[in-house]
Protein chains: 2
Amino acid sequence: MKQETRKEEIIRVAAKLFKEKGYSAVTMRDLASEMGIKAASLYNHINSKQDILDTIIISLAEEFTEGMHIIQSSRENCIGKLKQIIQLHVKISSQNIYGMASLNNDWMHLKTKRDYYKKLRVDYEDDFRGILKEGIASGEIVDVNPEVMMFSILTTLRSLYIWIPKKEDLNLEELSSTLNQILIDGINK
Amino acid sequence: MKQETRKEEIIRVAAKLFKEKGYSAVTMRDLASEMGIKAASLYNHINSKQDILDTIIISLAEEFTEGMHIIQSSRENCIGKLKQIIQLHVKISSQNIYGMASLNNDWMHLKTKRDYYKKLRVDYEDDFRGILKEGIASGEIVDVNPEVMMFSILTTLRSLYIWIPKKEDLNLEELSSTLNQILIDGINK
DNA sequence: TTAACAAACTAACAATTGTTAGTTTACATG
DNA sequence: CATGTAAACTAACAATTGTTAGTTTGTTAA
């Protein structure tokens with residue numbers, strides 16, 4: 001079990017505050033106070049407020065990109081790949097509840113890394129859409145506007161971080177399979 | 001066609017900026033500059049920055065509450081009510097693309113009206129969940145955790161404001177019926 | 001004991017924040 | 001012309017912002 005460095009601890013606490021109030025509304029004094037130190041002391045460990053946000057968002061975005069590449073190169077059919085995507089989101093979101101908030105809501109406050117982030121996101125969505133189109137072509141999934149299909153599934157998955165903490169009783173395997181059922185088979189009987 | 005007052009114009013422009021950068025990151029000078037005037041001049045029309053946010057969020061939240069009450073008192077069955085809810089979200093979101101961003105992302109910056117907003121939201125979710133539970137009981141919809149079902153549908157609907165502007169070609173009737181199909185019947189063939 | 005280093009501190013900075021006070025301008029109504 | 005009003009302006013404020021410089025403290029290694 002690797003020890004958490006002081007820098008990692010600051011980033012973790014920052015992510016928690018960013019989730020509660022958003023990046024812009026969190027001051028370095030807020031963050032320092034939560035750490036039990038003075039604001040200036042933070043700079044022994046981190047370079048800037050901006051750097052904290054960059055780290056939180058980019059590391060998560062790259063994790064999703066990596067997961068998508070693995071799924072794409074798997075030999076599953078389309079529905080199988082979708083189920084793997086759902087699992088990927090459940091896994092990453094549950095392990096990074098706080099960071100997911102920044103990824104969703106504060107990416108526009110990136111500066112030098114903003115274009116890189118956007119490329120990762122666009123590529124991810126292209127891959128996702130590609131899987132859906134393949135499924136339509138092969139007759140695996142229903143022939144409906146793939147854009148709306150992707151939107152519907154992806155926004156649900158991207159918002160998982162809001163709901164997961166509320167349901168500590170619900171285990172993650174169960175959540176994944178319930179989401180599979182709802183997102184893929186619908187709710188109609 | 002009622003003329004837009006200067007105050008309404010400021011609120012509309014503010015909502016647009018809030019969508020781009022979030023409430024906290026938008027300064028009164030940003031807003032004034034977008035209006036083509038000086039920051040101090042804004043105060044001839046509005047009371048405070050906080051007031052602008054209150055107005056944007058509460059008016060939208062009340063609009064959703066009102067819509068839900070009408071749907072609940074209708075004589076539709078459960079699936080019919082769900083379709084009406086989808087229509088409600090498509091309608092309000094398309095008419096208030098900017099405001100919806102504040103409703104989703106900046107409600108935590110409400111002060112005196114925060115508890116009132118939270119009550120509206122909790123009540124709305126209770127009503128929504130009630131419709132789902134009724135549908136499960138009557139055998140209309142599949143017997144799956146209603147919490148996850150609501151989460152899935154509601155987050156998709158709440159995020160509509162992100163996607164609607166990108167697809168100007170897609171008309172709203174069509175979007176509603178595509179969403180009906182995807183959210184209710186799923187994507188599996 | 002001494003040297004090195006991690007990690008805290010105090011004090012201060014220049015810039016930016018929301019907001020107020022008081023004034024000016026332009027136009028419509030009597 | 002005189003008056004009232006809507007809507008802009010300039011100037012300034014006290015508070016807060018992210019950050020830097022320089023210093024102190026406590027622990028570890030030689």
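# Why is it called that? Rings and DNA contacts

Tutor: Let's start with two aromatic residues: Trp107(A) and Tyr117(A) are both buried. Bear in mind that this is a predicted model.

Student: What makes a residue count as buried?

Tutor: The cut-off is under 20% relative accessible area. Trp107(A) and Tyr117(A) both get that label.

Student: How many aromatic pairs are there over all chains?

Tutor: A search of the whole structure turns up eight. Take Trp107(A) and Tyr117(A): the ring centres are 5.7 Å apart and the planes sit at 25°.

Student: Why is the pair of Trp107(A) and Tyr117(A) called stacked?

Tutor: Check two things. Centres have to lie within 6.5 Å, and planes under 30 degrees apart count as stacked. With 5.7 Å and 25°, the rings pass on both counts, so the pair is stacked.

Student: Where in the chain do Trp107(A) and Tyr117(A) sit?

Tutor: Trp107(A) is in the loop between α6 (97-105) and α7 (114-137) of chain A, while Tyr117(A) is in helix α7 of chain A. They are ten residues apart, and the pair links distant parts of the chain.

Student: And what about Phe18(B) and Tyr23(B): what makes that pair edge-to-face?

Tutor: The angle decides it. Planes over 60 degrees apart count as edge-to-face. Here the planes are at 75° and the centres 5.2 Å apart, so the label edge-to-face fits. Phe18(B) and Tyr23(B) are both buried, by the way.

Student: How do you know that Arg121(A) lies over the face of Trp107(A)?

Tutor: Part of the test is that CZ of Arg is within 6 Å of the ring centre. Arg121(A) is at 4.7 Å from the ring centre of Trp107(A), and it is found to lie over the face. Lys49(A) lies over the face of Tyr23(A) in a similar way, at 4.4 Å from the ring centre.

Student: What makes the link between Arg158(A) and Glu125(A) a polar contact?

Tutor: The limit is 3.5 Å between N or O atoms. The side chains of Arg158(A) and Glu125(A) are joined at 3.0 Å, so the distance falls within the limit. Arg158(A) itself is in helix α8 (residues 146-158) of chain A. Leaving aside neighbours within four places in sequence, the contacts of Arg158(A) include Arg121(A), Glu125(A) and Trp163(B).

Student: Now the DNA. Which of the 16 residues around DNA strand D come nearest?

Tutor: Thr27(A), Tyr43(A), Arg6(B), Lys38(B) and Asn44(B). A polar side-chain atom of Asn44(B) lies 2.3 Å from a base nitrogen of the strand, and one of Arg29(A) lies 2.9 Å from a base nitrogen of DNA strand D.

Student: Why does Arg6(B) count as making a polar contact with DNA strand D?

Tutor: An N or O atom in the side chain of Arg6(B) is 2.6 Å from a phosphate oxygen of DNA strand D. That is within 3.5 Å, so the pair counts.

Student: Which residues come nearest to DNA strand C?

Tutor: Arg6(A), Lys38(A), Asn44(A), Thr27(B) and Tyr43(B), out of the 16 around it. Sugar and phosphate account for 58% of the atoms of DNA strand C that come within 4 Å of the protein.

Student: What part of Lys49(B) lies 3.0 Å from a phosphate oxygen of DNA strand C?

Tutor: A backbone N or O atom. Val26(B) also uses a backbone N or O atom, at 3.4 Å from a phosphate oxygen of that strand. With His45(A), a side-chain N or O atom is 2.7 Å from a phosphate oxygen.

Conventions
Residues numbered from 1 in each chain as written. Chains lettered and ligands numbered in written order. Predicted model: local features only at pLDDT ≥ 70, side-chain atom pairs only at ≥ 80, totals over all residues. Heavy atoms only, no water. Phe/Tyr/Trp six-rings, centres within 6.5 Å; stacked < 30°, edge-to-face > 60°. Helix = DSSP H or I, 4+ residues; strand = E, 2+ residues; numbered from the N terminus. Buried < 20%, exposed > 50% of the residue type's maximum accessible area, 1.4 Å probe, protein only. Lys NZ or Arg CZ within 6 Å of the ring centre and 35° of its normal. Polar contact = N/O pair within 3.5 Å; in protein donor to acceptor, adjacent residues only side chain to side chain. Contact = heavy atoms within 4.5 Å. Near = heavy atom within 4 Å.
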